[in-house]
Amino acid sequence: MDLTGKVAIITGSGGVGCGGAIARRFALEGCSVVVSDIAEPGGHETVRLIETERGRAAFIRADMAKESDIKALIEFAEKTYGGLDVLVNNASPPYRPQGLLDHWFDALQADLQGAMHAILHAVPAMRKRNGGAIVNMGSTSAIGHGLKHSKSPGYDIAKMALIRLTTTLAPLQASDGIRVNCLVPAWIASPEVQSYVDSLTPQQRKEGSVPEVLITLDEIASAVVHLATDESLAGRLMLYFNSQSPRLIPQGDPGFTC
């Protein structure tokens with residue numbers, strides 16, 4: 001897919017994290033970008049940065065835990081830029097360590113249900129354009145049974161379900177020309193994560209299995225663009241571990257086949 005002249009929604013794209021970097025990259029690739037977030041100052045700042053780089057962008061506040069906001073988000077893209085070609089489900093509540101049985105549904109509402117509602121409302125809009133691309137954001141903390149998980153069970157559960165939803169929706173390519181793929185990254189150098197890592201002693205990093213090198217925001221943005229534009233990919237999962245190149249999980253891999 002050539003992104004020139006396309007319309008992309010990037011959820012959770014206010015501020016200085018992954019979403020903002022992804023939004024700016026899509027704008028540089030020629031997209032008109034709809035910036036979406038609950039943080040209005042951050043959303044407007046992302047628009048300002050895109051416009052400074054001579055891109056096109058508009059902001060709308062949307063809470064991904066509310067289906068009414070998500071419906072309004074899709075309608076805003078169609079009204080403002082004439083349609084929708086790309087959806088990146090990036091929005092996620094701030095990560096906070098929780099107890100084993102605490103706050104499951106906060107993450108499930110935004111990370112899973114929000115993404116599902118976004119897909120359900122985006123598909124009819126993309127059908128009007130004869131196809132499109134959807135990129136979901138997973139996490140390596142949701143895979144590897146028996147390995148060390150994050151300290152937020154609800155987050156891991158939501159991301160694992162989103163990974164499986166991606167493979168389940170592979171047939172949309174044949175039926176509607178809509179490709180759904182998922183990026184599954186490890187530790188990302190967002191300002192919040194970088195600050196946390198910098199605060200740890202070498203021993204604490206070792207005990208917490210904290211990688212020496214974090215994935216940069218630009219690297220994440222490049223991987224998302226690749227999944228959105230490579231027309232050979234549908235229902236695929238791209239693993240991105242620290243200090244490794246991103247790689248697709250083979251289609252025949254047990255447990256991840258469509």
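Partly exposed residues are those between the two accessibility limits, buried under 20% relative accessible area and exposed over 50%. R129, with a relative accessible area of 31%, is therefore partly exposed. The model described here is predicted.

## The sheet

Eight strands make up an open sheet, and their order is 3-2-1-4-5-6-7-8 with mixed pairing. The edges are taken by strand 3 and strand 8 (247–248); each has a single partner strand, so one side of each has no neighbour in the sheet. Strands of a sheet pair through backbone hydrogen bonds, in either a parallel or an antiparallel sense. Strand 4 (residues 86–89) is joined to strand 5 by four bridges in the parallel sense. Within that pairing, N89 is placed opposite N136 of strand 5.

## Helix 3

Helix 3 covers residues 67–81, 15 residues in number. From its first C-alpha to its last it reaches 21 Å, close to the 21 Å expected at 1.5 Å a residue. Its buried residues are D69, I70, L73, I74, A77 and Y81. Viewed down the helix axis, these buried residues of helix 3 fall within an arc of 140°, so they line one face. They pack against strand 1 (7–11), strand 2 (32–37), strand 3 (56–61) and helix 4. On the face turned away from the buried side, helix 3 carries the exposed residues S68 and K79. Just after the helix comes G82, with a positive phi of about 90°.

## Salt bridges

The whole structure holds seven salt bridges. Among them are the three listed here.

| Pair | N to O distance |
|---|---|
| E78 and K128 | 3.2 Å |
| R129 and D85 | 2.8 Å |
| D176 and R127 | 2.8 Å |

The salt bridge between E78 and K128 has one partner in helix 3 and the other in the loop between helix 4 and strand 5, so it ties together parts that are 50 residues apart in sequence. E78 is partly exposed, at a relative accessible area of 23%. K128 is exposed, at 61%.

The side chains of R129 and D85 also meet in a salt bridge. R129 is in the loop between helix 4 and strand 5, while D85 is in the loop between helix 3 and strand 4, and the pair links these distant parts of the chain, 44 residues apart. D85 is buried, with a relative accessible area of 4%, whereas R129 is partly exposed.

In the third listed pair, D176 and R127 form a salt bridge. D176 belongs to helix 6 (residues 172–176) and R127 to helix 4, so parts that are 49 residues apart in sequence are tied together. D176 has a relative accessibility of 18% and counts as buried, because buried means under 20%. R127 is partly exposed, with a relative accessible area of 46%.

## Buried charged side chains

Which side chain of opposite charge is nearest to R205? The nearest is D198, 4.1 Å away, and R205, although buried, has no salt bridge. A salt bridge needs a side-chain nitrogen of Lys or Arg within 4 Å of a carboxyl oxygen of Asp or Glu, so a distance of 4.1 Å does not qualify. R205 is located in helix 8. With its neighbours within four places in sequence left aside, R205 is in contact with V197, D198, L200, V210 and E212.

K159 is in helix 5 (residues 153–168). With 3% relative accessibility, K159 counts as buried. Leaving aside neighbours within four places in sequence, the contacts of K159 are D111, M137, G138, S139 and A142.

## Positive phi outside glycine

N130 is not a glycine, yet has a positive phi of about 65°. N130 sits in the loop between helix 4 (104–127) and strand 5 (132–137), and at 71% relative accessibility N130 counts as exposed. S209, also a residue other than glycine, has a positive phi near 55°. The position of S209 is in the loop between helix 8 (202–207) and helix 9 (217–229).

Conventions. Residues numbered from 1 in each chain as written. Predicted model: local features only at pLDDT ≥ 70, side-chain atom pairs only at ≥ 80, totals over all residues. Heavy atoms only, no water. Helix = DSSP H or I, 4+ residues; strand = E, 2+ residues; numbered from the N terminus. Buried < 20%, exposed > 50% of the residue type's maximum accessible area, 1.4 Å probe, protein only. Expected span 1.5 Å × (residues − 1). Arc of directions from axis to C-beta. Contact = heavy atoms within 4.5 Å. Lys, Arg positive; Asp, Glu negative; His and termini not counted. Pairing = 2+ DSSP bridges.
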